[in-house]
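User: I'm new to this one and would like to learn how to read its inside. Could you walk me through it?

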Amino acid sequence: MAAKPPKKPLKNLRRYGLATVGVVAAVGGMAGNLGSIIDLFDRFFGADESTKEATLPSVPIAGTWQAEVTYDWGAKYTERFNFKVDGGEVGGTATYLGRARGILEGKMVGDKLTFVLKTQEVLGSSPSREVQHQYQGVASPNQIRFVLQTTGGYSEHVPVEFTAQRVP
């Protein structure tokens, strides 16, 4: 008779435990402390190394990058990106139409980079409208291939593709 493999009752504990902690945190109104709860959970039960590696950046992007961008209406600008990275979170500044703006919602998972810039658009004497510029990039050591999608405001835009180079 063949021996049965040993059961692993705690195999999915981290997955289901974190889901439970997340629900409890959200319902309990302490979602802002969820990161601390997850850190404590990982310390107690041990983090799954494959999960950690899959979410960490695989390409170091911290520093300054530059790109020549031709926008969908024909304007050309030299745009600069100054990235600051902390784990998978990305901050810093990026220029849009040559003016520096703060990076929002910046994330890096593996070689995939995403972030948002916000601006205001004015049309005549109409009130200004918020415009979101959503950047999606694929990074390699010396370049980042971006697709920029702009939404909101008074104008419709098609995605713009460009490549940023690391500034020495």
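User: Let's start with one residue: is Phe162 buried or exposed?

Analyst: Buried means under 20% relative accessible area, exposed over 50%, and partly exposed in between, using a 1.4 Å probe and protein chains only. At 7% relative accessibility, Phe162 counts as buried. Keep in mind that this is a predicted model, where local features need pLDDT of at least 70, side-chain atom pairs count only at pLDDT 80 or more, and totals for chains, interfaces and linings use all residues. Residues are numbered from 1 along each chain as its sequence is written, and side-chain values use heavy atoms, leaving out hydrogens and water.

User: Which ring pairs with Phe162, and how is the pair arranged?

Analyst: Rings of Phe, Tyr and Trp (its six-membered ring) pair if their centres lie within 6.5 Å; planes under 30 degrees apart are stacked, over 60 edge-to-face, the rest tilted. Here Phe146 and Phe162 are stacked, 5.2 Å centre to centre with 25 degrees between the planes. Phe146 is buried too, at 2% relative accessibility.

User: Which residues make up the aromatic cluster?

Analyst: Phe81, Phe83, Phe115, Tyr135, Phe146 and Phe162 form one cluster. Phe81 and Phe115 are both buried.

User: How many residues are in the largest nonpolar core?

Analyst: In soluble globular proteins, nonpolar side chains tend to be buried together. A nonpolar core is a set of buried Ala, Val, Leu, Ile, Met, Phe, Trp, Tyr and Cys residues joined through side-chain atoms within 4.5 Å. The largest one here has 24 residues, and Ile61, Phe81, Phe83 and Phe115 have the most contacts inside it.
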